[in-house]
Amino acid sequence: MDGIKEWISDNLRYILLGVAIVLVLVVAVLGVRTITNFAKGDGGTQKESQTEATTTVNTDVIVETESQSASTGNLVQNDAKVLTMMTAYYTARTNKDTETLKKLDPSIDTAQEQANLDSSYVESYSNIKTYSAAGPAEGSCVVYVCYDGKVKDINTLVPSLTQFYLKTDESGSYYIADPAGDTQAEQFIEEMRKSTEVQQLIDTVAKNCESAENSDPVLKDFMDKYGNSQEENSDSETNAVSDTGNENGTEMVAIEPCNIRAEGNTEAEIVGSLYVGDTIMKTGETDDGWTQVDLNGQTAYIKSELLATPEEAAAQNEADYFAPPTAE
């Protein structure tokens with residue numbers, strides 16, 4: 001044993017040198033293997049970094065695309081807030097609930113609205129879909145509502161399309177607003193009407209309406225008798241029209257939602273209103289663009305540009321919205 005210790009003591013420097021050489025070789029071999037594996041991609045770190053970078057780039061592209069879609073005003077189908085509001089509106093019309101309608105459309109005259117509902121041909125509204133686009137003012141939007149209208153004593157439903165301009169109140173809830181006189185809103189609505197999406201929507205509803213008429217002779221007779229289309233600027237269903245000329249003492253058709261005023265100026269008291277397609281008796285006209293009308297025996301006035309003869313309204317079918325008539 002003493003001999004071994006003596007030998008180790010005498011050769012210690014050589015032993016330590018040998019161990020050091022072995023350690024260097026081991027480290028070198030491990031280093032070569034690590035570099036080789038990394039170059040082959042087996043380590044996975046480089047791939048993970050590349051994948052993460054690619055994901056980040058793709059996400060940026062998606063976000064940018066969504067932002068561009070919103071800025072160009074593309075229609076959003078069945079936006080939850082819009083759909084809820086419009087479903088409530090048509091439910092109130094079905095139930096002839098003028099109190100709710102007044103909350104949703106503050107501009108209406110409840111007595112006149114009740115009369116319209118009582119004389120309406122439409123019993124109910126179903127299969128409601130909305131297509132909306134953010135409007136020019138904060139919290140506003142233009143919405144196109146597709147629905148199937150049930151006409152009294154006719155089983156076949158009538159595919160219909162109407163347009164609304166919505167704004168938000170202080171609580172953030174939508175309500176129906178009249179864009180008349182708001183140049184920015186009117187221009188935006190007109191641009192939206194001319195868009196490919198809206199034109200395709202109009203064409204689709206028109207074809208569906210035509211198919212419904214062709215499938216049911218009773219419905220076709222009804223629509224042929226009362227008419228089923230008016231100019232597109234609508235925030236309610238189109239109504240029956242009569243075949244008369246543009247002379248005093250004849251019926252005129254509202255081609256846009258319009259107020260009926262006590263005098264022929266925009267500051268005069270509003271004594272009534274018309275929906276698109278409603279008819280009213282013309283009794284005269286002024287030199288400054290107002291039509292004198294008979295409102296339940298009283299003389300009243302409507303801006304002439306908002307009225308047309310039935311023939312003029314029918315000639316605008318290329319841009320029409322379709323809906324069952326609501327009143328005689």
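**Exercise 1. Which residue in S5 stands opposite Thr168?**

Solution. The structure is a predicted model, in which local features need pLDDT of at least 70 and side-chain atom pairs count only at pLDDT 80 or more, while totals for chains, interfaces and linings use all residues. Residues are numbered from 1 along each chain as its sequence is written, and side-chain values use heavy atoms, with hydrogens and water left out.

Step 1. Helices (H or I, at least four residues) and strands (E, at least two) are DSSP runs, numbered from the N terminus. Two strands pair if DSSP finds at least two bridges between them.

Step 2. S4 and strand S5 (residues 174–176) run antiparallel and are joined by three bridges.

Step 3. The residue opposite Thr168 in S5 is Tyr174. The two strands form a hairpin with five residues between them, and Gly172 in its turn has a positive phi of about 90 degrees.

**Exercise 2. Describe the pairing of S3 with S4 and the burial of S4.**

Solution. Step 1. S3 and S4 run antiparallel, with nine bridges joining them. Cys141 has Leu166 as its bridge partner in S4.

Step 2. Six residues lie between the strands of this hairpin, where Asp153 takes a positive phi near 65 degrees.

Step 3. Buried means under 20% relative accessible area, exposed over 50%, and partly exposed in between (1.4 Å probe, protein chains only). Strand S4 (residues 158–168) is largely enclosed by the rest of the structure because nine of its 11 residues are buried.

**Exercise 3. Characterise the surroundings of Val142.**

Solution. Step 1. Val142 belongs to strand S3 (residues 141–151) and is buried, at 0% relative accessibility.

Step 2. Contact means heavy atoms within 4.5 Å. Beyond residues up to four places away in sequence, Val142 touches several residues, including Tyr131, Gln163, Phe164 and Phe188.

Step 3. Val142 and Gln163 are 21 residues apart along the chain, and their C-alpha atoms are separated by 7.3 Å.

**Exercise 4. Identify the nonpolar cores and the elements that build the largest one.**

Solution. Step 1. A nonpolar core is a set of buried Ala, Val, Leu, Ile, Met, Phe, Trp, Tyr and Cys residues joined through side-chain atoms within 4.5 Å.

Step 2. The largest such core has 22 residues, and Met86, Tyr89, Tyr90, Val145, Phe164 and Leu166 have the most contacts inside it. Two or more residues each come from helix H3 (80–94), helix H4 (98–104), strand S2 (122–134), S3, S4 and S5. H3 gives the largest share, six residues.

Step 3. Leu166 touches, among others outside its sequence neighbourhood of four places, Val82, Met85, Met86, Tyr174 and Ile176. A second, separate core has 17 residues, among them Tyr131, Tyr144, Leu161 and Phe188.

**Exercise 5. Examine Thr291 and the cysteines Cys146 and Cys209.**

Solution. Step 1. Thr291 lies in strand S11 (residues 290–295) and is buried, with 4% relative accessibility.

Step 2. A polar contact is a pair of N or O atoms within 3.5 Å; within protein, one must be able to donate a hydrogen and the other to accept it, and residues adjacent in sequence count only if both atoms are side-chain atoms. The side chains of Thr291 and Ser304 make such a contact at 2.8 Å.

Step 3. Cys146 is buried at a relative accessible area of 11%, and Cys209 is buried at 1%. A disulfide is a pair of cysteine sulfur atoms within 2.5 Å, and a search of the whole structure finds zero disulfides.
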